[in-house]
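Dear colleague,

I am handing over the structure below, and my notes on what was found in it follow directly after. Please read them with the coordinates open.

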Amino acid sequence: MPGLRDGIRSGINGLRAILKTPQKTQIWKSIFRVKHERKDPRTRALGTVGNVFLHLHPGKINRDAVRYSYTWGMGGISFYLFTILTLTGALLMFYYHPTKVQAYRDILYLEHDVPFGRLLRNAHRWAGHLMVITVWLHMLRVVLTGAYKKPREFNWCVGVLLLVFTLLLSFTGYLLPDDQLGFWAVTVGTNMACATPLVGHEGPFGPQLGMTQANDVRFAMLGGTIVDSAALLRAYIWHCVAIPLIAVVFMGVHFWRVRKDGGISGPAPVVLESEIKPEPER
Amino acid sequence: MDWRQIGEIVSQPDNVPIVGLALVVPFFVWFGWRQARATDRLISELEADPAQAATHHRKPQPYRRGWDRELPVWPYLLRIEFLAALIVTVLLLVWAIAINAPLEEPANPNYSMNPAKAPWYFVGLQEMLVYFDPWFAGVALPVLIITGLLAFPYIDSNPLGSGYYTLRQRGVALWGFGVGFFLWLMLIFIGTFLRGPGWMWFWPGQTWDHARVTYEVNRNLAGVLGIVNPWLGGVVGLAALGLFYWLAGKAIQWLVTRRPLDRKIFERTSPLQYLVFQFFAITILAGLPAKMILRLVFRIQYVLVTPWFNI
Ligand code: HEM
């Protein structure tokens, strides 16, 4: 039935045209600098490069790197989890006071009275755990593919620092519910700091240098000799402000270096043993 | 066999990530290994046939003449990223709906949790407290691990294997990192699943008995050798440490120069690179397991005792 088919086709085309009318307005054109169309490679590349969020990406990429199997997507997933954590974390901050009087009650309030509060807290906690796992897997992938080699050594180092920040974020967050779990985990963790060489009051050469409970490195971390209100406030500020800010800066550098180091490292053509250049370039 | 105890440990909400880790790490190790095998097969083919090496595009991925070597990021990469984000979101939502984040009683400095465990990703360090004094386990070791990781790309002087999975071209680097990664995971598993009240060792299925007392006699190396004089003990301890560094260094030297390719790489390694590599390899990759065995099997607590610190 050619008549019907033509009818449907012209109907669809008409619908398409209607859906595209907003794109013809001055407002739309002022917001989106380029058209996101599948037309030709150049338009496609422009769609990526001309967008502030997408321009982290290059316009084009090694055809084999598009596969999931090379990067496992773990760096990207870590970053995605970080954004989820920022979002859920900001929402949690609406309900949380970092004081000994309020903190624990705020968690109870979140769990029992705030709509979706329990889901919010759960999602934030599990995303944090998951991010530790995905960052480890990302590091494993980078090792397995030799992606840390020249010229990416420095970006590996940036990554190591990001790993440290990820762990510190998780650790400072652990104390915030102000329950037994967090209290004792942080007590155990910070007690080790007493034993820091030179600057801990129980560490090698610490006492000889005049370290006591009330002036050593653990005191600086906790703002006191035990995990108490000052420690809660410090953990809160490190967790919600300082470390995320530092981590964001390092992530910016990390992504920028991925691009500047020539994009993702592979899958690259293999180099054979017989092709090693004789003189090491130092 | 106390199944209830096993269930209790495994189903602790904060232990779920470790159970996940136990599944996910083997999967990805296998996934990487499979791709490494494919590359290694290709490498031997190309080495056997120089004519093919000149024409082949040198990747295990298929390629046909006329295919673009590059693809536009939009839509080919972005659609995968979108899908990944979607899957992660769904997974996280299911997890967050199914399992509640733990909340214990309010913090109480007068009533200590037993066992009081660090969050799982730090349990490895806590487990190290059994084998080393806190200044080493809690401070020096993390610093060593981080500096070791930072140094890693600078001491690997192997020019091969950048940007593809391979085993045969990068044996030393992969084994070195792999042993460290495995040790770290193992310590987490021991600390989480085998350590109960009082940080005592409980086999899986053994009930966590809070009243259990173990009579462990911990000796120092000097004591085992019957040395009473602390000065002599110190000298002997230092000598034992030195001997260990020398022996382990020799063994590692043998391991990293076994194959012809490894020897070729060794030749390209500068003395400084090699020294740094040996320091981290001996201290972390050989030292930790050695001290663990000394402690767990021979019940030796310290090798070197000084008035200021013990090792
Ligand atoms: C918060 C933590 C981190 C985030 C969000 C992150 C993110 C990313 C992303 C999105 C990429 C692009 C390729 C990919 O997804 O694999 C990447 C590449 C890379 N990352 Fe990370 N990363 C993190 C931690 C690390 C760590 C811990 C290391 C190593 C110790 C590391 C080393 C590298 C290197 C060397 C590359 C370049 C890989 C290549 O070119 O193949 N990163 N990272």
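Where in chain B is B:Asp156 found? B:Asp156 sits in the loop between helix 7 (134–155) and helix 8 (171–194) of chain B, where helices (H or I, at least four residues) and strands (E, at least two) are DSSP runs numbered from the N terminus.

Before going further, please note that this is a predicted model, in which local features need pLDDT of at least 70 and side-chain atom pairs count only at pLDDT 80 or more, while totals for chains, interfaces and linings use all residues. Residues are numbered from 1 along each chain as its sequence is written, chains are lettered from A and ligands numbered from 1 in the order in which they are written, and side-chain values use heavy atoms, with hydrogens and water left out.

To return to the loop, B:Asp156 has a relative accessible area of 16% and is therefore buried (under 20% relative accessible area, with exposed over 50% and partly exposed in between, for a 1.4 Å probe and protein chains only). Leaving aside residues up to four places away in sequence, B:Asp156 touches A:Tyr148 and A:Lys149 as well as B:Arg170 and B:Ala173, contact meaning heavy atoms within 4.5 Å. A polar atom of the B:Asp156 side chain also lies 3.1 Å from the backbone nitrogen of B:Asn158.

As for chain B overall, its secondary structure comes to 12 helices and 3 strands. Its radius of gyration, taken over C-alpha atoms, is 25 Å, whereas a compact globule of 311 residues would have one near 19 Å (by the rule of 2.2 Å times the number of residues to the power 0.38). Along the principal axes, the C-alpha atoms of chain B fill a box of roughly 75 × 55 × 35 Å. Buried residues make up 46% of the 311 in chain B.

Turning to the ligand, 26 residues surround it, of which A:His138, A:Arg141, A:Gly159, A:His254 and A:Ser265 come nearest (a residue counts as near if one of its heavy atoms lies within 4 Å). A nitrogen atom of the ligand is 2.8 Å from an N or O atom in the side chain of A:His138. Oxygen of the ligand is 3.4 Å from a polar backbone atom of A:Gly75, and the distance from a ligand oxygen to a polar backbone atom of A:Gly76 is 3.4 Å. Helix 5 (74–93), helix 7 (117–144), helix 8 (153–175) and helix 11 (229–260) of chain A each supply at least two residues of the shell.

Best regards

Terms used. Polar contact = N/O pair within 3.5 Å; in protein donor to acceptor, adjacent residues only side chain to side chain.
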